[in-house]
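User: I would like to learn how to read the domains, sheets and helices of a model like this one. Can we go through it feature by feature?

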Amino acid sequence: MYRSVPVPEITDFAITNARIVPIADADGRRVEPIESGTILVSDGTITSVESGAGAAQDLPAGTKVIDAGGRWVLPGFIEAHGHLGVHEDGEGWSGDDTNEMTNPNGAGVRALDGIDPSDLGFKDALRGGVTSALIKPGSGNPIGGRTAFVKTWGRIVDEMLVTQDLSVKSALGENPKRVYGEKDVTPSTRMGTAKIFRDAFVDAQNYLAKRAHAEAEGTPFERDLAKETLADVLERKLVFDQHCHRADDIATAIRLSEEFGYRLVINHGTEGHKIADYIADKGIDVILGPLMTSRSKVELRDRTLATAGALAKAGVRIALTTDHPVIPINFLIHEASLAVKEGLDPVIALEALTINPAAIFGLDDRLGSLAPGRDADLVIWSGDPLDLNSRADQVFVSGRKVFEFDAAAGSADVADPFGPTLISEP
């Protein structure tokens, strides 16, 4: 399936003769595709996107040229809610570090400390044109911990990291009440789960007051990692990424966010179509999915592929997710394709994999489009990505080609970050 090849050097290059889908301009505004154009990359950054054959004739001397042959070029996709590296493929319990289910309030833990870059899922991400992912703890705890946004290629997670100062994973609904109900401790109901949040945020409010008083008085102050994280949520430095499927759980998530004043992003939103107008009126973003799962529990019984279209039509900004490894991450594009089949605008479908997740988390100045100044995370597709027959032919992460599909062999070459060529070499 995958062949390891040496890590290529970073060079200035141009992709010419390409159908370019920039998604958005430098100001985040939607732009039309360029039927034939050139993308210039220098030092891992997109420097220009030009239309017409003439652009390819005015390249700087020494620029490597990649002729796309009319194929499509898009920004790398963003997985907005996944468990790459913390829930490893094919590793069973030994590779599952998704939930620290020893305390309902896990705000003090960080996904970064559980990510294994050698997880096969990272190669699968490249196969699906996914070049970055927001990796989150699971939904076993009411408060799961801090998330980490990473590029999907590298050997050490610290080198892959974009930032871990984006959000905190949390959960309502069946999962936390089941996990702790089986332990005969709080929470064993939805009421108890909501109480965990209220207690934790009241404690964080008190922590903020005590910290401010200690700073004013110049007296020592005892730090608490969980309370510091939730204090950052209260101060809107971090988003509260909340797992909730049922419409009533979504309403509870919104109620709690308004009570304490933090910024909420709904994760999953399975029954979002039932209250799409309410979510839109509240201005809440939704990371929707996975859409291809079975109805494996009660809160998924009303899952429908039409939810994405319903939310978008109501005016809700959406991103799509596989919740990898629930659905393999290379199927992220198929989540979009199936949503289009059930009513989602194709333009919004691609935005839900690119600029929307980037903008939801304030990363649209680096990711999610092919505008100049953005990271050169880009993918050459064999055709329209929404077409089931299209595939990612070449994938670039931060300007380095790390994946290439070999149609003749039916396998892919992946730059081996653990191989003989060091990433740090020019």
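Analyst: The turns below take the domains, the two sheets, one helix and one residue in order. The model is predicted.

User: Which domains does the assignment give, and which residues belong to each?

Analyst: The assignment gives domain 1 as 2-75 + 373-415 and domain 2 as 77-361. UniProt, in an unreviewed entry, places the feature "domain: Amidohydrolase-related" at residues 72-399. That span is 33% helix and 18% strand, and its end C-alpha atoms lie 17 Å apart.

User: How many residues of domain 1 and domain 2 are in contact, and what area is buried between them?

Analyst: The contact involves 27 residues of domain 1 and 24 residues of domain 2. About 2200 Å² is buried between the two domains, with carbon and sulfur atoms giving 69% of this area. On the domain 1 side, Y2, I23 and L386 supply 30% of the area buried against domain 2, more than any other three residues. The centres of the two domains, taken over C-alpha atoms, are separated by 30 Å.

User: Now the sheets. What is the strand order in the sheet of six strands, and which strands are at its edges?

Analyst: The order is 9-12-13-14-15-16, in an open sheet with mixed pairing. Strand 9 (143-146) and strand 16 are the edge strands, each pairing on one side only. Neighbouring strands are turned by 20° against each other on average, direction ignored.

User: In what sense do strand 13 and strand 14 pair, and which residue stands opposite H243?

Analyst: Strand 13 (residues 239-244) and strand 14 (residues 264-268) are parallel, with five bridges between them. Opposite H243 stands N267 in strand 14. Two helices can be placed against this sheet as well. Helix 8 packs on it, touching strand 15 (285-288) and strand 16, and the direction of helix 8 makes about 165° with that of strand 15. Helix 5 (residues 225-234) lies across strand 9, strand 12 (167-171) and strand 13, at about 85° to strand 9.

User: What is the strand order in the sheet of four strands?

Analyst: Its order is 7-8-10-11; this sheet is open and its pairing is mixed. The edges are strand 7 (77-82) and strand 11 (161-163), which pair on one side only. From one strand to the next the twist averages 25°. Strand 10 (residues 148-151) and strand 11 run antiparallel and are joined by two bridges. The bridge partner of V150 in strand 11 is L161.

User: Is helix 9 mostly covered or mostly uncovered?

Analyst: The general idea comes before the case. An α-helix has 3.6 residues a turn, so residues three or four places apart point the same way. Helix 9 (residues 332-341) is mostly covered, with seven of its 10 residues buried. These are L332, I333, H334, E335, A336, S337 and A339. Their cover includes strand 7, strand 8 (130-135), helix 8 (307-314), strand 16 (318-320), helix 10 (346-351) and strand 17 (378-381). After helix 9 comes G343, with a positive phi near 115°.

User: Last, a single residue. Is F396 buried or exposed, and why?

Analyst: F396 counts as buried because its relative accessible area is 2%, and the cut-off for buried is under 20%. The residue is found in strand 18 (residues 392-397). Leaving aside neighbours within four places in sequence, the contacts of F396 include F13, I15, I66, T131 and K401. From F396 to S382, 14 residues apart in sequence, the C-alpha to C-alpha distance is 15 Å.

Terms used:
Residues numbered from 1 in each chain as written. Predicted model: local features only at pLDDT ≥ 70, side-chain atom pairs only at ≥ 80, totals over all residues. Heavy atoms only, no water. Pairing = 2+ DSSP bridges. Axes fitted to C-alpha atoms, helices over the stretch in contact; angles between N-to-C directions. Buried < 20%, exposed > 50% of the residue type's maximum accessible area, 1.4 Å probe, protein only. Contact = heavy atoms within 4.5 Å. UniProt positions renumbered as here; feature names shortened; annotations may be inferred. Domains from an automatic or database assignment. Buried area = accessible area lost by both parts, 1.4 Å probe.
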